[in-house]
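I opened a fresh page to log a few look-ups. The entries follow in the order I made them.

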Amino acid sequence: TLLHVINEILDFSKIESGKLLIDCHPFNPLIELSQASKFFMITAKEKSIHYLAYIDPNLPQCMNADLVRIKQIMFNFLSNAFKFTPEGKTVYVNIKYKDDCLSVSVEDEGIGLEPTALAKIFNVFEQADSSTTRKYGGTGLGLVISKKLTELMGGDIWCESTEGVGSTFHFTAQLSKQQDEI
């Protein structure tokens, strides 16, 4: 946990100083994003949460992007979804690609956010409220970093949420497909 916090602070510092670069390489999105989403299957089982993932089978065979940063955003979304979703509820992942745009959404049946909290969740060191921080932990940096990374990849990030019902976090990234297959 401490290493994760330190890495978040370092990433945030690099982003704020303009030193974090997006490092694009070719990858097979179907394989890589499937593996990334499967990473949380153990967490789902341990917490008795239903976990469903849809990955568009029509994704290109090869894309050029910073896979590490895409996975980082996905992991931030999924970590939050599992953190705030109670036993017996469901977390959904939906990954699509259209018109050179990768679209990822993570929906949970967790605690949700009230409108005032929703308005500030992408701000530095902001969380829903202090009681949430005490109960669930976290630094308030994960979503800020995700927002900055999304912007660096020419995409967008947003959240839809209803208190007591759940939240859906979305991000898009402009990615070019490659002609070569991996």
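**Salt bridges**

I counted the salt bridges first and got two. The model is a predicted one, and I kept that in mind throughout.

Which residue does E32 pair with in a salt bridge? I found K71, with the closest N and O atoms 3.1 Å apart. I then looked up where the two partners sit. E32 belongs to helix α2 (residues 29–38) and K71 to helix α4, so I noted a link between distant parts of the chain, 39 residues apart. I checked accessibility next. E32 comes out at 21% relative accessibility, which I log as partly exposed. K71 is also at 21% and partly exposed. The cut-off matters here, because buried means under 20%.

The other entry is E151 with K147. Their side chains form a salt bridge at 3.3 Å, N to O. Here I stayed inside one element: both residues lie in helix α7, four residues apart, or about one turn of the helix. I read off 43% relative accessible area for E151, which is partly exposed. K147 is partly exposed too, at 30%. I added a general reminder: side chains of opposite charge can pair when their charged atoms come close.

**Helix α4 against helix α7**

At what angle do α4 and α7 pack? I have about 150° for helix α4 (residues 67–84) and helix α7 (residues 142–152). Their axes are 10 Å apart. I logged the crossing of α4 past α7 as left-handed.

Then I listed the residues that meet. From α4 I wrote down R69, Q72, I73, N76, F77 and N80. From α7 I wrote down G142, L143, I145, S146, L149 and T150. I sorted this contact by class: five nonpolar, six polar and one charged residues.

**T85, in the loop after α4**

I moved on to the loop between α4 and β4 (90–98), where I found T85. Buried or exposed? T85 is buried, with a relative accessible area of 3%. I looked for a polar partner of its side chain. A polar atom of the T85 side chain lies 2.5 Å from the backbone oxygen of A81. I also pulled the contacts of T85, leaving out residues up to four places away in sequence. The list reads K47, I49, T90, V91, D108, E109 and G110.

**Positive phi**

Next I searched the backbone angles. My general note: most residues other than glycine have a negative phi. I flagged S48, which is not a glycine but has a positive phi of about 55°. I placed S48 in the loop between α3 (41–47) and β2 (50–55). S48 is partly exposed, at 39% relative accessible area.

I flagged D100 as well. Its phi is positive, about 60°, and D100 is not a glycine. I placed D100 in the loop between β4 and β5 (101–108). At 37% relative accessibility, D100 is partly exposed.

**L10**

My last look-up was L10. I found L10 in helix α1 (residues 2–16). I read 46% relative accessibility for L10, so I entered it as partly exposed. How far apart are the C-alpha atoms of L10 and L20? I got 9.9 Å, for two residues 10 apart along the chain.

Methods:
Residues numbered from 1 in each chain as written. Predicted model: local features only at pLDDT ≥ 70, side-chain atom pairs only at ≥ 80, totals over all residues. Heavy atoms only, no water. Axes fitted to C-alpha atoms, helices over the stretch in contact; angles between N-to-C directions. Helix = DSSP H or I, 4+ residues; strand = E, 2+ residues; numbered from the N terminus. Left-handed = near helix turned anticlockwise from the far one by under 90°. Contact = heavy atoms within 4.5 Å. Nonpolar A, V, L, I, M, F, W, Y, C, P; charged D, E, K, R; others polar. Buried < 20%, exposed > 50% of the residue type's maximum accessible area, 1.4 Å probe, protein only. Polar contact = N/O pair within 3.5 Å; in protein donor to acceptor, adjacent residues only side chain to side chain. Salt bridge = Lys/Arg side-chain N within 4 Å of Asp/Glu carboxyl O.
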